[in-house]
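The report below takes up the ligand sites, the charged pairs and some backbone details of one protein chain. Please read it alongside the sequence and the model.

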Amino acid sequence: MPEHRIATELAIPAHLISQVQAKLAYVDESIAGAKISEDGTSIALQLRADATPELEAKVHSVVAEMAKGASQPKVEVLEDHLGRSVPYAADPMPELLARNEVSKEHTGIYSFGPLVAGVIQIFEDYFIELATTFEAKPQRFPTLISAEKLGRVNYFRAFPHSLTFATHLREDLHVINDFAEHATYEESGLSASLESFSKIQALLSPAVCYHFYFALADKPLPGGQMAATAVGHCFRYESNNLTTLERMWDFTMREIIFVGSADYVLENRERGRQRVAEFLESIGLAYKVESANDPFFVGEFRKQAAFQNAFQLKYEIRGKLPFKDSTLAVGSYNYHQDFFGRHLNITLPDGKPAHTGCVAFGLERLAYAFLAQFGLDPKGWPAPIREAWVG
Ligand code: AMP
Ligand code: ZN
């Protein structure tokens with residue numbers, strides 16, 4: 001595959017390299033991979049076709065929009081336990097694949113066997129128990145999410161690149177018969193004309209807590225505060241970045257969700273963090289918690305990321321991956337201020353919009369980081385997990 005180097009017009013600051021690199025996947029369909037040099041002055045693109053002048057212009061515009069004038073955020077580290085010694089250092093993937101514990105069904109789409117499912121269940125049991133300490137009531141949410149409601153909370157503006165759309169064949173005898181007779185899977189996807197498909201009413205849900213806010217929309221918040229918990233499949237199309245288990249198109253998230261006054265949400269987010277810290281200490285996981293931002297698309301990135309940072313809206317739990325000396329976000333502590341309350345008209349007893357926040361865990365990533373630190377043999381696992389293991 002041809003490689004094409006582009007010298008950047010400004011050096012991409014170190015703190016933005018991974019975020020700009022992830023966005024380059026969405027710049028042009030010819031891009032199969034992108035790597036930014038450590039000093040941020042050069043981009044190596046793996047291309048499926050020859051570079052066009054338009055491609056370079058698009059790359060430069062992404063760099064300019066995301067990096068020009070960007071100031072380095074102060075990364076706030078709330079917990080640092082990366083130094084904890086853990087017993088395992090190998091890459092767990094080859095063995096997980098060999099044992100059919102992980103099977104790749106399609107790019108970004110994976111199935112898991114009993115070992116991974118069992119580890120996830122142990123974490124799930126803990127989160128469900130944790131949720132009861134907040135009197136968070138269980139909820140069940142759909143996998144589809146309303147396009148109308150997502151539009152109401154500006155999701156299309158903030159994260160257009162990672163959306164996954166749900167559609168169906170148009171209600172038309174000819175269209176359906178034609179599809180039934182001719183549709184086949186080709187290398188690039190299903191052969192069917194785009195005109196056969198309906199307009200988009202729904203998408204595959206990118207998060208869990210949105211459903212709760214939608215359910216509370218356009219009314220006063222019962223009792224002035226609420227806590228809830230739910231698990232759900234989430235979908236984020238991460239393009240060329242979907243190469244390993246670390247980034248999946250379809251993954252599951254457990255959330256504990258708080259809706260109420262600013263104080264109520266912030267106090268519970270903090271309480272959640274402290275309780276999770278005690279749990280992670282009890283199992284000896286190597287991780288840190290630090291401030292972070294959501295992966296906003298290019299045009300929204302600089303302003304929104306700076307805003308999240310300035311108001312301490314997001315912290316990530318980053319689990320260590322010893323085999324590659326890096327970390328992976330396995331969960332997050334989020335505060336949305338009154339954003340959802342305002343856009344969805346969820347009101348507090350004093351008539352003001354409700355504040356919201358959530359504690360979210362990526363279940364596959366948590367299991368992956370755990371297995372990367374403790375290995376696949378339950379005998380090597382920390383006592384609380386070994387004792388809960390029923391395999
Ligand atoms: P977020 O709402 O972005 O903070 O996501 C919450 C958690 O979901 C993250 O900390 C990850 O553990 C997990 N997660 C987010 N995106 C992905 C993905 N593409 N693949 C697997 N897990 C993910
Ligand atoms: Zn959430």
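Is Lys 149 buried, partly exposed or exposed? In this predicted model, Lys 149 has a relative accessibility of 23% and therefore counts as partly exposed, since the class of buried residues ends under 20%.

**Charged pairs**

Side chains of opposite charge can pair when their charged atoms come close. A search of the whole structure finds 14 salt bridges, and three of them are set out in the table.

| Acidic residue | Basic residue | Closest N to O distance |
|---|---|---|
| Glu 95 | Arg 99 | 3.1 Å |
| Glu 148 | Lys 149 | 3.9 Å |
| Glu 270 | Arg 273 | 2.9 Å |

The salt bridge of Lys 149 is formed with Glu 148, and Glu 148 counts as exposed because its relative accessibility is 54%, above the limit of 50%. In the pair of Glu 95 and Arg 99, Glu 95 is partly exposed with a relative accessible area of 35%, and Arg 99 is likewise classed as partly exposed, at 40%.

The pair of Glu 270 and Arg 273 can be placed within a helix, for both residues belong to helix 9, which spans residues 262-283, and they stand three residues apart, or about one turn of the helix. Here Glu 270 is partly exposed, with a relative accessible area of 32%, whereas Arg 273, at 14%, counts as buried. These two side chains do not stand alone, as a network of salt bridges links Glu 79, Glu 270 and Arg 273.

**The surroundings of ligand 1**

Ligand 1 is surrounded by 14 residues, and the closest of them are Arg 236, Glu 238, Met 248, Lys 314 and Ser 332. By character, the residues of this shell divide into six charged, five nonpolar and three polar. At least two residues of the shell come from each of strand 15 (250-260) and strand 18 (326-335), and strand 18 supplies the largest share, with four residues.

Several polar atoms of the protein lie close to oxygen atoms of the ligand. An N or O atom in the side chain of Ser 332 is 2.7 Å from an oxygen atom of ligand 1, while a backbone N or O atom of Gly 331 lies 3.1 Å from a ligand oxygen. For Gly 362, the atom concerned is again a backbone N or O, at 3.5 Å from an oxygen atom of ligand 1. Taken alone, ligand 1 exposes 480 Å², and the protein buries 92% of that area.

**The zinc site**

Which protein atoms serve as donors of the zinc ion, ligand 2? They are the SG atoms of Cys 209 and Cys 358 together with OE of Glu 255, lying 2.1 to 2.3 Å from the ion. Along the chain, these donors follow the spacing C-x45-E-x102-C. The two cysteines connect distant parts of the chain, being 149 residues apart, with Cys 209 in helix 8 (residues 209-215) and Cys 358 in strand 20 (residues 355-362). Cys 209 is buried, with a relative accessible area of 3%, and Cys 358, at 4%, also counts as buried.

**Backbone and loop details**

Most residues other than glycine have a negative phi, and most peptide bonds are trans. Against that background, Asn 154 has a positive phi of about 60° although it is not a glycine. Asn 154 sits in the loop between helix 5 (147-152) and helix 6 (155-158), and with a relative accessible area of 35% this residue is partly exposed.

A positive phi, of about 50°, is also found at Gln 312, another residue that is not a glycine. The loop that holds Gln 312 runs between helix 10 (298-310) and strand 17 (314-321), and Gln 312 is partly exposed, with a relative accessible area of 38%.

Where does Thr 8 lie? Its place is in the loop between strand 1 (3-7) and helix 1 (17-24). With a relative accessibility of 13%, Thr 8 counts as buried, and its side chain reaches the backbone oxygen of Gly 40 at 3.1 Å.

Definitions and conventions:
Residues are numbered from 1 along each chain as its sequence is written. Chains are lettered from A and ligands numbered from 1 in the order in which they are written. This is a predicted model: local features need pLDDT of at least 70, side-chain atom pairs count only at pLDDT 80 or more; totals for chains, interfaces and linings use all residues. Side-chain values use heavy atoms; hydrogens and water are left out. A residue is near a molecule or strand if one of its heavy atoms lies within 4 Å of it. A polar contact is a pair of N or O atoms within 3.5 Å; within protein, one must be able to donate a hydrogen and the other to accept it, and residues adjacent in sequence count only if both atoms are side-chain atoms. Accessible areas come from the Shrake-Rupley method with a 1.4 Å probe; for residues, only the protein chains shown count as cover. Ala, Val, Leu, Ile, Met, Phe, Trp, Tyr, Cys and Pro count as nonpolar, Asp, Glu, Lys and Arg as charged, and the others, Gly among them, as polar. A salt bridge is a side-chain nitrogen of Lys or Arg within 4 Å of a carboxyl oxygen of Asp or Glu. Buried means under 20% relative accessible area, exposed over 50%, partly exposed in between (1.4 Å probe, protein chains only). Donors are N, O and S atoms within 2.8 Å of the metal (3.2 Å for Na, K and Ca); water is not among the atoms, so sites may look incomplete.
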